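Here are my notes on the model you sent, set out as numbered points. Please read them with the structure open beside you.

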Amino acid sequence: MAIEKMTMPQLGESVTEGTITKWLVSPGDAVNKYDPIAEVMTDKVNAEVPSSFTGVIKELVANEGDTLAVGEVICTIEVEGGGSAAAPTKEMKEEKQEETATQAAKADAPNKARYSPAVLKLSQEHGIDLSQVQGTGKGGRITRKDILAIIESGNIPKAANKPAEAAQPVQEAPKAEVQPTQPAQAAPAKPVSPAPNIPVAPGDVEIPVSGVRKAIATNMLRSKHEAPHAWTMMEVDVTNLVEYRDSIKTEFKKREGFNLTYFAFFVKAVAQALKEFPQINSMWAGDKIIQKKDINISIAVATEDALYVPVIKNADEKSIKGIAKEIAELAHKVRTGTLKSEDMQGGTFTVNNTGSFGSVQSMGIINYPQAAILQVEAIVKRPVVMPNGMIAVRDMVNLCMSLDHRVLDGLICGRFLQRVKEILENISKENTSVY
């Protein structure tokens, strides 16, 4: 018999951690390879984790509610073959002894705790003294969520003056990967306050924060913290588009079985413009910018208590009809709870249909690690001064774009929006086909 370790899988592109929401097995349970053993939630999707082995569950290392980085051990499984049980057991004992020794060392010398690269980088960027932070991870370990909570609270524990010979933290990655991007500023130490203490009065309703809501909050905070957001807006006359779509929507629904929405036209126009301005279809990667070849459009789909961003793959290669069909299918999956992790992966640019609930102007938070997000606002009738000086009632829409200023500048984004505007304003029955 041998002991094998099951680790937290990567359930999506850019996913770095997952939260065990529910164990589907207990120690002593027999499992087959690919049997689901746990439900895991990330900032992108909820998914079942299948077993990588056939055997018997030995130990559940993580508890329900624990958040672990990709690659961390979540449980151990006793399997037949693969070597004697003695060697793995000895290895596990040594690992347990090392963990105990690490915790003991932490009690005597907090600065010798082990931190992940993400924790160390965030703490250095904000001048956080990790010796003053109480971790909520396994064995008191400080997690990235602990650091983000401190940053959000604004109560940053600063390092006091220390002698030159003070011990330095042991890093889990080469030092070059976690150098601070800005100097720490001296300030008096403040007590850590991860969440505000809000009094609850009679009649107030306390709503527990769901796992999905926590994941959304973490991802939004990360995006706002790491990406310097800039914002721009452009007004577009879509009168011809509205007339064209309204003239064919009934026949289209009868023939195809799904709705031809305005949103499909906007997604198609964005995909075409991204092909002409590939700089927009990029991501920040620290020491380089990755310009993606595939144009995969993430679309925001909301439920009553959560927001999901499924992806239309290779949107530039699809017709308006093909995009409309995929929008309908992905929205149905979200609302029926059948969305899979692969439906959420690979997005390179996000288009959000905020106009569906009447918004006319909004500032979206970038879908990390993408470089920009476009908000398509409501189409409204407004009086417009035409080129001949006459005033006419036209169908107008605002396109609002948030951009990561590390990757993009105003000039390229302005040209990109101008191209989207040009495409949309030239859509008509005479020169546009939905097929």
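1. In this predicted model, Met-41 has Asn-46 of β5 as its bridge partner. The pairing concerned is that of strand β4, residues 36-41, with β5, where the two strands run antiparallel and are joined by five bridges.

2. The β4 and β5 strands belong to an open sheet of four strands, in which the order is β5-β4-β2-β7 and the pairing is antiparallel. The edges are formed by β5 (46-50) and β7 (67-69), each of which pairs on one side only. On average, and with direction ignored, neighbouring strands of this sheet are turned by 40° against each other.

3. Beyond the sheet edge, Ser-51 deserves a look, since this residue lies in the loop between β5 and β6 (55-60). Is Ser-51 buried or exposed? With a relative accessible area of 2%, Ser-51 is buried, as this falls under the 20% that marks a buried residue. A polar atom of the Ser-51 side chain lies 2.6 Å from the backbone oxygen of Phe-53. Not counting residues up to four places away in sequence, Ser-51 touches Met-6, Val-31, Asn-32, Lys-33, Tyr-34, Asp-35, Ile-37 and Ile-77.

4. A second serine may be read alongside this one: Ser-282 lies in strand β12, which covers residues 282-284. Ser-282 is buried, and its relative accessible area is 2%. A polar atom of the Ser-282 side chain lies 2.7 Å from the backbone oxygen of Gln-279. Which residues are in contact with Ser-282, leaving aside its neighbours within four places in sequence? They are Ile-289, Ile-290, Gln-291, Lys-292, Gln-370, Ala-371 and Val-407.

5. The last point concerns a pair of helices. Two packed helices are described by the angle between their axes and the distance between the axes. For helix α6 (residues 262-276) and helix α7 (residues 320-336), the axes come within 9 Å and cross at roughly 120°, and the crossing of α6 and α7 is right-handed.

6. As for the residues that make up this helix contact, α6 contributes Phe-263, Ala-264, Phe-265, Val-267 and Lys-268, which meet Ile-320, Ile-323, Ala-324 and Ile-327 of α7. How do the residues of the contact of α6 with α7 divide into nonpolar, polar and charged? Eight are nonpolar and one is charged, while no polar residue is found in the contact of α6 with α7. The charged residue is Lys-268 of α6.

Methods. Residues are numbered from 1 along each chain as its sequence is written. This is a predicted model: local features need pLDDT of at least 70, side-chain atom pairs count only at pLDDT 80 or more; totals for chains, interfaces and linings use all residues. Side-chain values use heavy atoms; hydrogens and water are left out. Two strands pair if DSSP finds at least two bridges between them. Axes are lines fitted to C-alpha atoms, for helices over the stretch in contact, and angles run from 0 to 180 degrees between N-to-C directions. A crossing is left-handed if the near helix is turned anticlockwise from the far one by less than a right angle, and right-handed if clockwise. Contact means heavy atoms within 4.5 Å. Buried means under 20% relative accessible area, exposed over 50%, partly exposed in between (1.4 Å probe, protein chains only). A polar contact is a pair of N or O atoms within 3.5 Å; within protein, one must be able to donate a hydrogen and the other to accept it, and residues adjacent in sequence count only if both atoms are side-chain atoms.
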